[in-house]
Amino acid sequence: MKFEQTKEVLNQLVADLSQFSVVIHQTHWYMRGPEFLTLHPKMDEYMDQINDQLDVISERLITLDGAPYSTLQEFADHTGIEDEIGTYERTIPERMEKLVEGYRYLADLYQKGIDVSGDEGDDSTQDIFIANKTDIEKNIWMLQAKLGKAPGIDADSRAKTR
């Protein structure tokens with residue numbers, strides 16, 4: 001079988017992008033504070049971006065003769081992104097930190113996909129992974145700037161700022 005590891009990463013992304021869309025949606029619903037009017041519509045943009053990535057990733061998996069997860073149970077069983085009950089108790093900065101955490105997880109998974117698809121010679125999927133990782137890293141930068149922090153995109157600089 002061709003591109004087996006690439007298909008595994010693609011399906012992992014199906015579960016994780018589905019879960020992360022819910023995390024963003026939860027932020028969208030449960031945020032309160034003076035920045036609400038600015039950040040509430042921004043969450044719509046983030047959800048749209050993640051859902052667009054999910055569609056491209058799923059369709060690429062199907063193109064490679066894979067079978068994307070497609071039920072809530074499968075997403076829950078396979079995601080690496082934590083689930084938590086919504087609450088109004090979190091501050092906006094805490095919510096933004098949670099989003100950064102999720103975006104960092106996805107950036108790392110996309111990097112794994114870049115490496116694996118490169119090893120397997122799947123240039124088309126690798127191109128998708130690279131483009132999506134670039135978009136994710138921009139979101140990390142923007143959210144970190146909102147929190148008054150440097151992007152910390154590379155793992156070495158993140159370790160120094162913790």
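Contact, as the word is used on this tour, means heavy atoms within 4.5 Å. The model on screen is a predicted one, and the protein averages a pLDDT of 94, with 95% of the residues scoring at least 70.

**Stop one: helix α5**

Begin by selecting residues 123-146, which form helix α5; its 24 residues reach 35 Å from the first C-alpha to the last, close to the 34 Å expected at 1.5 Å a residue. Colour the buried residues of this helix next: they are Thr-125, Gln-126, Ile-128, Phe-129, Asn-132, Lys-133, Ile-136, Asn-139, Ile-140, Leu-143 and Gln-144. As you look along the helix, bear in mind that an α-helix has 3.6 residues a turn, so residues three or four places apart point the same way. What covers these residues? Show α1 (4-30), α2 (36-63) and α4 (92-120), which are included in the cover over the buried residues of α5.

Just after α5, pause at Gly-148, which takes a positive phi of about 80°.

**Stop two: α4 against α5**

Keep α5 in view and add α4, so that the pair can be judged together: their axes lie 8 Å apart and the two helices pack at an angle of about 160°. That angle makes α4 roughly antiparallel to α5, because angles over 145 degrees count as such. The crossing of these two helices is left-handed.

**Stop three: helix α1**

Move on to α1, whose 27 residues reach 39 Å from the first C-alpha to the last, close to the 39 Å expected at 1.5 Å a residue. Of those 27 residues, 19 are buried, so α1 is largely enclosed by the rest of the structure.

Within α1, select Val-14, which counts as buried because its relative accessibility is 1%, under the 20% limit. Which residues are in contact with Val-14, once its neighbours within four places in sequence are left aside? They are Leu-54, Ile-57, Ser-58, Pro-68, Tyr-69 and Phe-75. Add His-78 to the selection as well, for although Val-14 and His-78 are 64 residues apart in sequence, their C-alpha atoms are 9.1 Å apart in space.

Staying in helix α1, go to Glu-8. Is Glu-8 buried or exposed? With a relative accessible area of 57%, Glu-8 is exposed. A distance drawn from the C-alpha of Glu-8 to that of Ala-145 comes to 33 Å, the two residues being 137 apart in sequence.

**Stop four: two residues with positive phi**

Step back to the segment before α1 and select Phe-3, which has a positive phi of about 60° although it is not a glycine. The side-chain setting is worth noting here, since Phe-3 is buried, with a relative accessible area of 15%.

Then travel to the loop between α2 and α3 (72-78), where Asp-65 is found. Asp-65 is likewise a residue other than glycine, and its phi is positive, near 70°. Asp-65 counts as exposed, with a relative accessibility of 69%.

**Last stop: residues 158-162**

Finish at residues 158-162, over which pLDDT stays under 50 and for which the model has 4 contacts beyond four places in sequence. Where pLDDT is low, the predicted coordinates should not be read in detail.

Methods. Residues are numbered from 1 along each chain as its sequence is written. Side-chain values use heavy atoms; hydrogens and water are left out. pLDDT is the predictor's confidence in each residue, from 0 to 100. Helices (H or I, at least four residues) and strands (E, at least two) are DSSP runs, numbered from the N terminus. The expected span of a helix is 1.5 Å times one less than its number of residues. Buried means under 20% relative accessible area, exposed over 50%, partly exposed in between (1.4 Å probe, protein chains only). Axes are lines fitted to C-alpha atoms, for helices over the stretch in contact, and angles run from 0 to 180 degrees between N-to-C directions. Angles under 35 degrees count as roughly parallel, over 145 as roughly antiparallel, 65 to 115 as roughly perpendicular and the rest as oblique. A crossing is left-handed if the near helix is turned anticlockwise from the far one by less than a right angle, and right-handed if clockwise.
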